[in-house]
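Here's a quick briefing on a helix pair and a pocket. Have the viewer open while you read.

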Amino acid sequence: MDVDAVPLDAAERDLLLRLLRLPTAGPLETGPAGPPPRLREAQEQYARAAAALGFRTVRHTSVRPAELDRADVPAPVREALGLPGFLDGQPSLVLRLGPGLPASRTVMFNVHLDTVAGGGPAGFDGERFHGRGAIDAKGPAVALLAGLRAARACRPAIGREVGVLIQAVAGEEGGAMGVLGTRPLVERGYVGRLNVFCEPTGVRFLPRSTAAATARIVVDGDHAVDDRPAAGHNATVLLGFLAQHLARALDPDTVCVAGLHTGTRHNQVYGRGSLLLNLPYATPATGRRLERDLTRALDDGLAAFAAAFGGTALFARTARDARAVTRLEWRKRGLPVLDDRDAWGHALLRDRAGIPPWPAGEPAFTCDAIWMAGVGGACTVVLGPGDLAGNNAHAEGEFARAAELAGFAAAVARLMIAFTDDRIGRGA
């Protein structure tokens with residue numbers, strides 16, 4: 001069946017506006033002093049709307065602390081576990097349509113209702129929804145329900161002979177990398193034969209998702225006052241040198257030489273500071289290589305700094321002690337990547353659902369889909385309306401066009417119709 005657009009109905013538009021007005025940014029985004037996220041409330045509203053389509057809640061709880069005692073959990077998550085209410089305020093929701101069917105007859109959709117911090121007021125001007133989460137990803141979450149509504153009207157077997165799971169997760173934003181929500185749910189088996197992560201792709205299916213390692217170079221030396229600058233370790237000069245050295249040494253890899261922090265006063269030699277680097281990768285082998293390259297480049301940089309500044313009056317102590325006061329910390333590393341090669345699923349999406357693939361030469365991005373890497377018998381793609389940059393996701397003025405959401409809802413309907421026809425026969 002040719003479905004080009006499924007506009008949100010009045011109830012769905014109202015749901016989206018209610019979700020946009022609820023602040024759901026987690027503590028990793030807002031900081032420990034930020035307001036508690038109203039994520040549970042948002043998920044409950046979403047579950048009530050889904051119940052009108054026949055969905056029932058099968059899980060709504062937070063990850064257990066013991067599940068985060070792993071090497072692939074980012075350091076900011078581990079460090080935040082001591083914050084009061086950190087986990088309790090970030091539950092994840094699983095909804096099921098139909099009986100507990102095997103994965104072979106199930107489609108799983110993953111949406112995240114947490115957002116980045118900031119954003120302007122929520123609203124709808126008749127053409128665009130505005131507010132934090134409009135495109136990433138509260139808007140897609142509601143459009144998903146519209147698409148499923150349309151699909152069920154065309155294929156009554158959906159919910160009887162074909163099942164649908166929705167993961168509405170916490171911890172996609174803020175650097176949590178899905179360890180608070182998606183990863184535990186995938187490991188509990190809440191997956192399908194086809195798995196769709198609803199992120200902005202311009203309604204093109206993306207079978208890849210990258211990951212990144214984050215490194216922090218720390219200088220932990222002695223401060224000095226401005227009238228005796230040679231007495232301390234100058235972390236600003238050392239880290240500034242290393243930032244330039246690493247930028248040259250790691251070129252042309254797509255490495256982000258990010259924030260350098262020492263201090264803000266003009267009359268202080270700062271002996272302590274840090275430099276952050278993000279190392280994205282599309283394959284595990286590339287990730288391991290980048291880690292090795294950074295380690296070697298840092299070692300070379302420290303040697304070069306000692307040689308360049310060892311004979312100076314102001315920085316001789318810093319040069320002499322550079323290795324002793326500098327260390328490399330990994331804030332996150334060892335995360336998987338998604339590289340889906342499922343020919344059946346790609347053909348279903350492309351040829352039968354009419355959803356074009358993501359261009360092979362266009363870079364992928366990171367999202368929770370990485371946790372489907374290695375799950376057997378599963379096709380996993382990223383698919384959603386809009387564009388992360390073009391719709392101002394993670395920036396001021398985030399918006400989603402009503403037409404974009406309607407186009408995504410139509411793609412969901414076509415996908416479910418194609419999946420149903422493939423599993424149990426056309427027209428069922």
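Let's start with two helices, H5 and H11, which are oblique to each other because their angle of about 45 degrees falls outside the ranges for roughly parallel (under 35), roughly perpendicular (65 to 115) and roughly antiparallel (over 145). Keep in mind that this is a predicted model.

**The H5/H11 pair**

- H5 covers residues 138-154 and H11 covers residues 402-424, and their axes sit 7 Å apart.
- The crossing of H5 over H11 is right-handed.
- By class, this contact brings together 15 nonpolar and two polar residues, with no charged ones.
- On the H5 side, the residues involved are Gly-139, Pro-140, Ala-143, Leu-144, Ala-146, Gly-147, Leu-148, Ala-150, Ala-151 and Cys-154.
- Across from them, H11 puts in Leu-405, Phe-408, Ala-409, Val-412, Ala-413, Met-416 and Ile-417.

**The largest pocket**

- If you're thinking about volume, the largest pocket holds about 950 Å³ of space.
- Its lining counts 36 residues, and those nearest the centre are Met-177, Ala-212, Asn-278, Lys-332 and Thr-366.
- Elements that each supply two or more lining residues are strands E9 (211-220), E11 (256-261), E13 (272-281) and E14 (326-332), plus helix H8 (284-309).
- Strand E13 is the top contributor to that lining, with six residues.
- The lining is a chemical mix: 16 nonpolar, 11 polar and nine charged residues.

Key:
Residues are numbered from 1 along each chain as its sequence is written. This is a predicted model: local features need pLDDT of at least 70, side-chain atom pairs count only at pLDDT 80 or more; totals for chains, interfaces and linings use all residues. Side-chain values use heavy atoms; hydrogens and water are left out. On a 1 Å grid over the protein atoms alone, a cavity is a set of points where a 1.4 Å probe fits but cannot get out, and a pocket is an open set with protein on both sides within 12 Å along at least five of seven lines; lining residues have an atom within 4 Å of a point. Grid points are joined across faces, edges and corners, and a volume is the space filled by probe spheres set on the points. Helices (H or I, at least four residues) and strands (E, at least two) are DSSP runs, numbered from the N terminus. Ala, Val, Leu, Ile, Met, Phe, Trp, Tyr, Cys and Pro count as nonpolar, Asp, Glu, Lys and Arg as charged, and the others, Gly among them, as polar. Axes are lines fitted to C-alpha atoms, for helices over the stretch in contact, and angles run from 0 to 180 degrees between N-to-C directions. A crossing is left-handed if the near helix is turned anticlockwise from the far one by less than a right angle, and right-handed if clockwise. Contact means heavy atoms within 4.5 Å.
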